[in-house]
Amino acid sequence: METLTTYLNYLLTHRRLAHVLYWIAAFVFMALYGLGYGQPLLVSFFVIMVDFPVQIIATYLFLYVQLPWLFKKRYFLFAISILGFTYILNLAAHFNYDFGIGTKLISWHKPHTVVEILKSGEFLFRNTVDIYIVVFITAIIKYVKDYWASKSRIEQLETEVAQVQYNSVVGQIQPHLILDTLDTIIKKSSNKSADTPQVIANLSEVLDGVLYKTRSTHHTVTAEITQLENYLQLLSQVYPAVQQEPLEKVVAPSISKIRVLSLQKVVSYIHSEVRKQLPSITTKWQTLIIQEQYEQKDSLILQITISHPKDQRPTFDQLDEVINTHFDEETKYDILDETDETIIKVITRL
């Protein structure tokens with residue numbers, strides 16, 4: 001089975017070879033069909049070869065020239081081409097019968113003159129059926145193949161999109177946070193902890209924000225702060241070593257918009273660096289959001305204060321990149337190093 005799949009994949013990637021093998025198979029089938037009702041193989045060969053070259057030409061004209069005109073709703077051109085090409089193809093088959101392969105069939109056959117062939121409609125209907133039955137069968141085979149190939153490709157793309165969406169969701173809230181949250185839920189459920197539903201609810205809120213709010217690029221400042229608050233609550237429940245104080249905020253209701261998940265991304269990066277650099281240290285966090293005039297501009301200030309031992313100070317080398325990536329607005333930041341705490345202040349213009 002694996003060998004068959006390998007051969008099929010090889011044919012699909014070598015279209016010319018696939019076409020050659022298809023026409024060989026068609027020729028063999030027609031020869032065997034002739035044998036079925038007692039026609040000698042040599043006679044079958046010459047009978048088939050009268051129309052076979054014309055059938056091949058007609059098939060490619062129909063599939064790659066005429067059908068595209070039909071799909072583009074160029075109906076008049078399609079109809080005229082069917083009539084015109086049918087006549088020309090019949091002439092080709094008639095000439096092949098009278099002056100080509102057909103002379104091998106009946107040696108005493110007297111060929112028509114060129115004028116007679118051009119005017120004659122003697123073989124028109126019969127030749128048209130003989131030619132286009134192969135054309136239509138091939139077209140059906142092609143479009144069945146294309147349908148299954150398209151269906152397979154769509155399923156593959158849906159799988160890839162789902163994977164991208166999953167990676168996007170995981171990436172936007174830190175891969176380890178999802179796994180650690182699930183571990184926390186399992187442990188709390190086993191211990192019948194009363195706050196298990198709250199952890200599940202906070203995870204649901206964070207995921208909901210990532211999945212649905214990111215369908216738009218911006219939302220209100222209030223919506224972003226709510227998203228950040230859910231995220232901070234989840235962090236404090238999953239990581240006891242990160243002692244989060246309740247989020248403090250002084251924000252006036254406004255119509256100002258901010259990039260979706262911009263504040264969360266900053267906090268996510270800072271939190272990740274603190275856990276990476278101070279894995280065995282309990283840190284105390286205070287997050288403050290203030291909307292005020294800063295340098296004569298209406299601005300939003302995100303201030304995070306992290307208490308830690310004075311000789312173990314975290315660094316945030318990529319904070320500039322994070323801010324440039326996730327903020328459209330004019331944004332700046334400062335990092336203040338106090339004796340036993342680090343203060344990060346991010347100021348973005350609304």
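Angles under 35 degrees between helix axes count as roughly parallel, a handy rule to carry into these close-up views of a predicted model.

**View 1. Helices α9 and α10 run roughly parallel to each other.** Start with α9, which spans residues 221–238, and α10, which spans residues 262–277. Their axes come within 8 Å and cross at roughly 25°. That angle falls under the 35-degree limit, so the pair counts as roughly parallel. The crossing itself is right-handed.

**View 2. Here are the residues where α9 meets α10.** On the α9 side, look for Glu224, Ile225, Gln227, Leu228, Tyr231, Leu232 and Leu235. Their partners in α10 are Ser262, Leu263, Gln264, Val267, Ser268 and His271. Sorted by class, the residues of this contact comprise 7 nonpolar, 5 polar and 1 charged.

**View 3. Helix α10 also packs with helix α11.** Now follow α10 to α11, which covers residues 319–326. The axes of α10 and α11 lie 9 Å apart, at an angle of about 165°. Because angles over 145 degrees count as roughly antiparallel, α10 is roughly antiparallel to α11. The crossing of α10 and α11 is right-handed.

**View 4. Here are the residues where α10 meets α11.** From α10, the residues to find are Ser262, Lys265, Val266 and Tyr269. Across from them, α11 brings Leu319, Val322, Ile323 and His326. This contact of α10 with α11 has 5 nonpolar, 2 polar and 1 charged residues. You may recognise Ser262 of α10: this residue takes part in the contact with α9 and in the contact with α11.

Technical notes. Residues numbered from 1 in each chain as written. Predicted model: local features only at pLDDT ≥ 70, side-chain atom pairs only at ≥ 80, totals over all residues. Heavy atoms only, no water. Axes fitted to C-alpha atoms, helices over the stretch in contact; angles between N-to-C directions. Helix = DSSP H or I, 4+ residues; strand = E, 2+ residues; numbered from the N terminus. Parallel < 35°, antiparallel > 145°, perpendicular 65-115°, else oblique. Left-handed = near helix turned anticlockwise from the far one by under 90°. Contact = heavy atoms within 4.5 Å. Nonpolar A, V, L, I, M, F, W, Y, C, P; charged D, E, K, R; others polar.
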